[in-house]
Amino acid sequence: MKTWQKKHLQGIKELSREEIETIFNLASSFKGLSEREVKKAPALRGKTVVNLFFENSTRTRISFELAAKRLSADVLNFSSTASSLQKGETIIDTIKTLEAYHPDILVVRIGYSNCLPTLSKYTQAGIVNAGDGCHEHPTQALLDMFTVKEIKKSLEGLKVLIVGDILHSRVARSNICGFQKFGAKVRVCGPPTLIPYKFEDMGAEIFYDLDKAMADADVIIMLRIQKERQQSSFFPSLREYVEKFSLSTERMEKLKKDCLILHPGPVNWDVEISSQVKNRVHPLILRQVENGLAIRMGVLYLIGTRKGEYETGN
Amino acid sequence: MKLVIKNARIINPDQQLQADILIQNGVIDKIGKISEKADKEIEAQGKIVFPGLIDMHTHIRTPGQEDREDLESASRAAAKGGFTSICCMPNTVPAVDNETTARWIYDQARKIGLVDMYPVGAISKQRQGKELSEFCALRRAGCLSLSDDGDSVKDPSLLRKALEYSRMSGLLLISHCEDKNLSGKGVMRESSLSAQYGMTGIPSISESIIVARDIELARYLNTPIHLAHISTVRSLELIHKAKQEGVQVTCETAPHYCVLSLKDVVENGFDSRYKVNPPLGEESDVAAVRQALQSGVIDCIATDHAPHLQGEKELPFQEAPFGFIGLEWAFSLLYTFLVKEKIISLPLLVDKMSSVPARILKLEDKGLIREGNCADLVIADPDRTWTVTEDTIASKSRNTPFIGYTLSCCIEYTIHRGKISYKNV
Amino acid sequence: MLRDKTQILSAQDVSRALYRLSHQVLEKYKNPQDLALIGIHTRGVDLARRLKTVFRERENLEIPLGILDITLYRDDLTAVAEVPLVKETTINFDISGKTLILVDDVLFTGRTIRAALDEIMDFGRPRRIALLVLVDRGHRELPIRADFVGKNIPTSREELIEVRLKETDGKDEVVIVEKD
């Protein structure tokens, strides 16, 4: 691949295999940078990165912030809790105001799916999607795939299972897209009320029975479940959800010996995963965090040093 | 004033002929060879002339939201699009649920003099769906039809009473078919695309369930009902069957359901100018709508012209209000995408946009170019193209996905009651 | 398409030059225990490795070797059209107080060396840094000079010099290439 062309990172959908592999290679090098005594390189010196978080998220924000700082960029953090966002006008007005500071990269997390093309009309900065509604969370999928690749060496033919609230999950959608690009076979499992209508068209096999779904899985990604979903009758009770969809000690015994268990964090112990197996499961989840930083450094580096004609919109 | 149109190619749904037209005192006096002199003469060689269009479903936002559209801008937009009569929906502030408000709209529009505005009265007081409004008083004030558009009548027992009461007033009930519990917070058609893109979907059954309900009521009470903006395969199947069984149901669709699908929403990056209710459908819905126009299952076309402020559409898709303006290019759009593509014929388009609405609303002197009829006509050049641009839009609002579209069949004259209400030569 | 125009150094010239350079280094710096080699990716690393071998085999000296990738420290003008592949940077010893011999194949504008110097400073405080190159082709854009040069080759700016080494290219030679 000659030059990185994309002005924005909106989703895994638009990335080619080659582009994803470039990000992986960079992430490997950046892992090395974080092990040096001076954990800094001047690659993004003088660039301004704005973390524009319209949805609360300490973990993702810190990850992006540190990634930008380690590459010597100037970082601005803007957050606005969901409740103070009354009308969409605030979002676009905010972008317009920030534009006065000539930011180079906007890292955006927002509660509305597919909002980024609209936002990109109001700024010259490159936009990195840190999660848009239920649509995509590309850096999460990249770090998940990278973590699996580090251990399994290749993603081809792997059986990947995603468990939980698929309907509302951007992590699920990005991961399904990403793993499929590398030839993995993806399955989803959750209560029927939390799997979208016509989801089969995404190419993932649908299971309602976790024991069946995980039988020969190589990778299992457990998604967070929001307890409020019970209020909207997506499932009758937390107890029943845990009984059917939680990774209990019994279920852990039945998994393949080398099955990897991932979680985007933070884990609801004893809801998604039993706290009895914390020791077994936690190290890899923490490795995901480490890899997340390296992946985000790679992404910011590519978007921040991209040379190309100015494009409007996407 | 005496007005003569020379060498007109007259398009009536059942008959086309080449002739001159003499208009006097707001009426079509004579069709044939006219040799007498007139105050004004329009040469129509090479142009088509058809009866003034009638829109059964427009939102004029007046009273109460005149920043989006007022009677004057609505009249100009209508005239530009070849409309000589429009029916304005009552979801204004206040709602048109009483004689005074209805009368005011009717009279003001008359004063402006570009188009006949027939207010649509609300079925229930303040459109709350609880108590019936005064149907007879509304009829007196100029209403031809009733609707709670924007909402369906949730309580079937109230709709039943409304249908029964409408027999007495002679007003047609127009139903907005949507089950709001099913459509919920949806913003686009529920489909594999909405699943992939993580968007809350509006299932097609939200429309067809109410279509089924309303058909049953109309059948049971043997009373006519008209279904607004039909957009799905399933709704059309139900209506087709009901008509075959003799139920007095008529229906309309809007131009955008014949031209755009939900793929256009996705391909345009979820630009809120593609957000409308009912939402744009699947390709199968578009095909079904086109087929239904040809077969007659869909009786007529209505624009559902729905002005919204620029600021309101400059919002993320989820926050923006639903709706498109459309009076000004409805005819040209359908001429370009349906007539030119030989999906329907020109006489059929004229039928759907003028003659049928006139029949349904019982406007006996409109909808056809005929001696003695009201002199409402349109002269258009089928080969002249024009482009929809932001700065040439007559409406106060700009919310439409069709900006930039180059369309055929440019309207050159709109004549309303014998006077030129729009000219573009 | 590019083709070879002239061969400046043959395989034997290269090996002799390296041998001579290793002697020059030892002549200048009397305390070999303070010496360390830092090779710049890609061919600078190969050359540095060879020097390390020469020091070991001829002088019985174990000189530590670090490898440097300067991609993250480049300025815009050193940017190459290719995707910025960040390769390994490993310096496993403490550089403070040491005399570092920075090794690269060709010295041209000087920008690569400037980037390398910045990166090295992020690792610690060397006592001094000396620059050793196989070829100096002139056209400096920054005030940088080499302390040890294999061969000075005056060139015009448009000419392209290629250093080929067994490890990367299969054979040792330095050639001027031109467009076909």
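## Exercises on a predicted model

Lys159(A) stands opposite Lys185(A) in strand 6 of chain A. The model is a predicted one. The exercises start from this pair of residues.

**Exercise 1. Find the neighbours of strand 5 of chain A, and give the sense of each pairing.**

Solution.
Step 1. Take strand 6 of chain A, residues 185–189. Strand 5 and strand 6 run parallel and are joined by 5 bridges.
Step 2. Take strand 8 of chain A, residues 219–222. Its pairing with strand 5 of chain A is parallel too, over 4 bridges. Here Val160(A) stands opposite Val219(A).
Step 3. Add the helix. Helix 6 of chain A covers residues 170–181. Together with strand 5 and strand 6 of chain A, helix 6 makes a β-α-β unit, and the unit is right-handed.

**Exercise 2. Decide whether the residues of strand 5 of chain A are buried or exposed.**

Solution.
Step 1. Recall the cut-off: a residue is buried if 20 or more other C-beta atoms lie within 10 Å of its own.
Step 2. Sort the side chains by direction. Lys159(A), Leu161(A) and Val163(A) point one way; Val160(A) and Ile162(A) point the other way.
Step 3. Apply the cut-off. Of the 5 residues in strand 5 of chain A, 5 are buried. The strand, residues 159–163, is mostly covered.

**Exercise 3. Describe strand 8 of chain A: which residues lie on each side, and which residue stands opposite Val219(A) in strand 9?**

Solution.
Step 1. Assign the sides. Val219(A) and Ile221(A) lie on one side, Ile220(A) and Met222(A) on the other. All are buried, and both faces of the strand are covered.
Step 2. Move to strand 9 of chain A, residues 260–262. Strand 8 and strand 9 pair in the parallel sense over 3 bridges.
Step 3. Find the partner. Val219(A) stands opposite Leu260(A).

**Exercise 4. Classify the packing of helix 5 and helix 10 of chain A.**

Solution.
Step 1. Two values are needed, because two packed helices are described by the angle between their axes and the distance between the axes.
Step 2. Helix 5 (residues 138–152) and helix 10 (residues 278–304) of chain A pack at about 120 degrees, and their axes are 9 Å apart.
Step 3. Angles from 65 to 115 degrees count as roughly perpendicular, and those over 145 as roughly antiparallel. Helix 5 and helix 10 of chain A are therefore oblique to each other. Their crossing is right-handed.
Step 4. List contact residues. Helix 5 of chain A contributes several, including Leu142(A), Leu143(A) and Phe146(A). Those of helix 10 of chain A include Asn291(A), Gly292(A) and Ile295(A).

**Exercise 5. Do the same for helix 1 and helix 2 of chain B.**

Solution.
Step 1. Helix 1 is residues 71–80 and helix 2 is residues 99–112 of chain B. Their axes come within 10 Å and cross at roughly 60 degrees.
Step 2. Helix 1 and helix 2 of chain B are therefore oblique to each other. The crossing is right-handed.
Step 3. Leu71(B), Glu72(B) and Ser75(B) of helix 1 meet Gln108(B), Ala109(B) and Ile112(B) of helix 2.

**Exercise 6. Which strands stand at the edges of the 1-8-7 sheet of chain C?**

Solution.
Step 1. The sheet is open, has 3 strands and is paired antiparallel.
Step 2. Strand 1 (2–9) and strand 7 (160–164) of chain C each have a single partner strand, so one side of each lacks a neighbour in the sheet. These two stand at the edges.
Step 3. Check one pairing. Strand 7 and strand 8 (residues 173–179) of chain C are joined over 5 bridges. Ile161(C) stands opposite Ile176(C).

Notes. Residues are numbered from 1 along each chain as its sequence is written. Chains are lettered from A and ligands numbered from 1 in the order in which they are written. This is a predicted model: local features need pLDDT of at least 70, side-chain atom pairs count only at pLDDT 80 or more; totals for chains, interfaces and linings use all residues. A residue is buried if 20 or more other C-beta atoms lie within 10 Å of its own, exposed if 12 or fewer, and partly exposed in between; C-beta atoms are placed from the backbone. Two strands pair if DSSP finds at least two bridges between them. A crossover is right-handed if, with the strands pointing away from the viewer, the path from the first strand over the helix to the second runs clockwise. Axes are lines fitted to C-alpha atoms, for helices over the stretch in contact, and angles run from 0 to 180 degrees between N-to-C directions. Angles under 35 degrees count as roughly parallel, over 145 as roughly antiparallel, 65 to 115 as roughly perpendicular and the rest as oblique. A crossing is left-handed if the near helix is turned anticlockwise from the far one by less than a right angle, and right-handed if clockwise. Two residues are in contact if their C-beta atoms, placed from the backbone, lie within 7 Å.
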